[in-house]
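Trainee: I should like to go through this structure step by step, with the reasoning behind each answer. May we begin with the sheets?

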Amino acid sequence: MRDYLSRARQVAGWALLIAVLPSAGSGQARPVVSNQLAISQTEAALFLEFADGGTLEIALRDDAVVIDGEAQGGFSQGDALDTAWRSLLGDIISLSDGPLGEALRSWEAPSALQDEGLILAQLLDHTLEDALTAADASVSTNAGPALVIDATVPDLRRSLEALLSRRDLLGRLGEVLEAVDMATSRIHIGEDVVVSSNESVEGTMVVIDADARIEGLVEGDVVVVGGSLEVVRGGQVTGEIRLVDSSYEGVDPSTLGGRLIRIESDDQAVDPSAEVENLENLADRIRREIRDELRDELRTELQEEFQDAGESSRGYRPLRAIGNGIGEVVGSVITFLLLSLLALGAVYFAKDNLEAVADAAQRNPMRAGMVGLAGTFLVLPTWVLGCVALVASVVGLIALPFWLVLFPVAVALGAGLGYLAVAKNVGEWVASRNINGLEWLRPTNTLYAITAGIGTLLAFWVSASVLGMVPFFGFFSGLFVTLGIVATVAAVLIGFGAVLLTRGGRQPDFYGNDDPFGGGRWAPDRAAEEFRDAEEFSDTPAGPGTKTGDENDV
Amino acid sequence: MYRRLSTGISVALVMVLGVAVVAQGQDRRTVTMSRQVDNEQNVDVNVRYAAGRFSIGPAAPGVLYHMQIEYDQGVFEALVEYRGSSLRIGTRGVGRHVRLGRDHEVGEMQLALSRDVAMDLKLEFGAVRADIDLGGILMTRLEIETGASQTLIDISEPNRESMTQASMEVGAADFTVRNIGNLNTPVIEVDAGVGDIELGFGGDWKQNARISVDMGLGSLVLRFPRGLGVELLKDTFLTSLDSEGLVKRGDGYYSLDYEEADYRVTVDVDAAFGSIRVAWLE
């Protein structure tokens, strides 16, 4: 109810001012340098920035009409005002500068609006026109011009424009001027007023954003907004004194003719008891935080004590780390030897298959990796389905034990062969790097290449083990473990995929068949390949007259 | 190399997780803003856009920038800041809501930039489908960072300013650039994690250039126009090369008219696990 009355008073104040405000639409346009429109279900906002640095924000947001951050009234989503405002924003969404300003200036409050909606729409209309019209008064600044408005003077336009520029005060003005006779009034904005001892003022005196000093006689009310009032000895005010966010000093107001009414804005009202309560809450919170922090600290220290006690009972940590590291390195060496042994067997018994798989892995590792990944996922279902099928066929029951054992063995052999094939590629790559100390590596020797590749792939693990022995290098050790896992998994997947693609190395030219992944794209042009090989052995660069493989084909 | 690979995988994970962050009962907000050209000589433009569709094009005469952005304000908030010839624009996550559901509507951002003011342009995308036309925009620097995006960049008209360097950092993406010659820069760096990269070297070449491509996992297609001198250098690991129209000489591959070409580009590729293919623009 109080909000409603407050809003009603605001609107009444606006209605009073809008009624006497002439249109500013005929003035010179004020350049807009930046505009921003925001539209959502609960908001339709316009923000303008002018060339002179001023700004204007008008928003219909959360059921409130807001101008430059201050609520001026209310609306309902989807009502006539909301619709009209959104329609305007929709019309200007693609405009800027001159056309934008013109469209905003020419907007008028829809005639279908009534009551508060009409008044607010007219307010928006006037605000836009004022803001977009070049004038001395800046819309957004609080430093308004010092003007004295005499209500008896017919030309009020400029004065009222200046008053409108202080929208932050107008809401309170509407409230405070309710019972004040404005027929004969003087309004002072931003200018200190002194009624001297030999002076007499008739009618209401309104002082906004300034100080008033009364030494003489005011025959009427005095209203001060955002300033101070001083009535010196000998000074007299026959009417009421209304102070809005203002201070009073001087003679005892009860000795004057009328009442003294103080009105404070909500944001300035401070409840001392609430402040004391806040301070007490703050002290409680600080006490609690300190207590909790001390408890946490004690708990952490105790835990560390217990941990240290446990560690010391199990031996000295660095020594244990070195022991673990050496053990891991030895494990890696044994793995290397075992894999090398497997490589020897593979080279001796299945060299052609191995090279075919290696070739497939090298030509298209992406595809091989994808096939390997898919194959890995299908291994278990295939094994289970095979078992089910053999059991269901009854006759196949004889083969079931073989299937149970031989299928996993075949998969393991395939993965192993694939890993060795990828290791061969890696070893050849290492050999081609001409690394100092590794000159003895010959890429043409398959076994050398494989063992070099195995060594390279295991190097991550060995590095991790060695770094694990060094204090404070745990992070790097973990990093190398991660790299080792990635390298091993990638090698196994790519190798396994290549094994599947080449049917275990028995079908090396799989690129030549109907390759859904773009066999034509990936198949090497034999003529071009031969030409490139020839170029590699030639020291003479290709000149303008050089024929390429493509040209030869033509 | 492995660092890039792990970066790419991380970005891919973010992408996968990001797919789960979809909106249900979204609170959509549309923001439109524009600014007139004042006396700006050079503007730093930093565009950040997390998720949705994104496009850039040239603005109307006299307009410094014009942006329209639509987003779910429960997940993102608009970011616009113009201060001292520095423009930051786009969206950023508000970190309050992670909404799950199927009715996902992606946001959209359309940005138009002035043709009259030189710009240092930095574009940062997350999970974005971007269609970028930089033709006619005056660029003194270009920096692009993408996460899990599908990005098409076309420099449809020559850049009238000379650019010191252009760099493109690609996470897990489908990334295509056309008319690189119109960038008017001697140095281009492309750092790609996982994805398909296509670089079109068309356009109006005004100087020689060196292009460094660092690729983790994926395919790289290089499209050269006839008449441009091409030198292709590669340091690769398990990467196939289809070097159609190039001849090998020493460690590099060269176009047939490399010696006679008015302008030459050197493409230095460092790649692991993938393929490189050379194609020619007709």
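Trainee: In what order do the 3 strands of the open sheet with β9, β12 and β15 of chain A stand, and which of them are at the edges?

Mentor: This is a predicted model, and its open sheet of 3 strands is ordered β9-β12-β15 in chain A, with parallel pairing. Two of these strands have a single partner strand each, so one side of each is left without a neighbour in the sheet. The edge strands are therefore β9 (200-202) and β15 (236-237) of chain A.

Trainee: Which residue is the bridge partner of Glu202(A) in β12(A)?

Mentor: β9(A) runs parallel to strand β12 (residues 217-219) of chain A, and 3 bridges join the two. Within β12(A), the partner of Glu202(A) is Glu219(A).

Trainee: Chain A also has an open sheet of 4 strands. Which strands are at its edges, and by what angle are neighbouring strands turned against each other on average?

Mentor: The order in this sheet is β8-β11-β14-β17 of chain A, and the pairing is parallel. β8 (193-195) and β17 (247-250) of chain A each pair on one side only, which places them at the edges. With direction ignored, the average turn between neighbouring strands is 10°.

Trainee: Which residue of β17(A) stands opposite Ser228(A)?

Mentor: Strand β14 (residues 228-231) of chain A and β17(A) run parallel and are joined by 4 bridges. In that pairing, the residue of β17(A) opposite Ser228(A) is Ser247(A).

Trainee: Let us turn to the helices. How are α9(A) and α12(A) oriented to each other, and how many charged residues does their contact have?

Mentor: The axes of helix α9 (residues 365-392) and helix α12 (residues 474-501) of chain A come within 6 Å and cross at roughly 90°. That crossing makes α9(A) roughly perpendicular to α12(A). Among the residues that meet are Met370(A) and Leu373(A) in α9(A), and Leu493(A) and Phe496(A) in α12(A). By class the contact has 12 nonpolar and 5 polar residues, and the number of charged residues is none.

Trainee: How are α10(A) and α11(A) oriented to each other, and how many charged residues are in their contact?

Mentor: Helix α10 (residues 400-432) and helix α11 (residues 446-469) of chain A have axes that come within 6 Å and cross at roughly 95°; these helices are therefore roughly perpendicular to each other. The contact includes Leu420(A) and Glu428(A) of α10(A), together with Ile450(A) and Leu457(A) of α11(A). Its residues divide into 10 nonpolar and 6 polar, and the charged ones number 2.

Trainee: What percentage of the residues in chain A is buried?

Mentor: Chain A contains 15 helices and 18 strands. Among its contacts between residues at least 6 apart in sequence, 53% join residues at least 24 apart. Of the 554 residues in chain A, the buried share is 31%.

Trainee: Which element supplies the largest share of the side of chain B that touches chain A?

Mentor: Contacts between the chains involve 28 residues of chain B and 29 residues of chain A. On the chain B side, β1 (28-36), β13 (229-242), β14 (246-249) and β16 (264-281) each supply at least two residues. By class, this side has 10 nonpolar, 9 polar and 9 charged residues. The largest share, 9 residues, comes from β1(B).

Trainee: In which sense does β1(B) pair with strand β1 of chain A?

Mentor: Strand β1 (residues 32-40) of chain A is joined to β1(B) over 7 bridges. One of the facing pairs is Ala38(A) opposite Val31(B). The sense of this pairing is antiparallel.

Trainee: Within chain B, over how many bridges do β11(B) and β12(B) pair?

Mentor: Strand β10 (residues 166-178) and strand β11 (residues 187-200) of chain B pair in the parallel sense over 11 bridges, with Val177(B) opposite Leu199(B). β11(B) also pairs in the parallel sense with strand β12 (residues 209-225) of chain B, where Val190(B) faces Val213(B). The bridges between β11(B) and β12(B) number 13.

Trainee: Where in chain B is confidence lowest?

Mentor: Chain B has an average pLDDT of 83, and 87% of the residues score at least 70. Over residues 1-24 of chain B, however, the pLDDT is below 50. Where pLDDT is low, the predicted coordinates should not be read in detail. Confidence is highest in strand β15 (residues 252-255) of chain B, at 93, and lowest, at a mean of 43, in helix α1 (residues 2-20) of chain B.

Key
Residues numbered from 1 in each chain as written. Chains lettered and ligands numbered in written order. Predicted model: local features only at pLDDT ≥ 70, side-chain atom pairs only at ≥ 80, totals over all residues. Pairing = 2+ DSSP bridges. Axes fitted to C-alpha atoms, helices over the stretch in contact; angles between N-to-C directions. Contact = placed C-beta atoms within 7 Å. Nonpolar A, V, L, I, M, F, W, Y, C, P; charged D, E, K, R; others polar. Parallel < 35°, antiparallel > 145°, perpendicular 65-115°, else oblique. Buried ≥ 20, exposed ≤ 12 C-beta atoms within 10 Å, placed from the backbone. pLDDT = per-residue confidence, 0-100.
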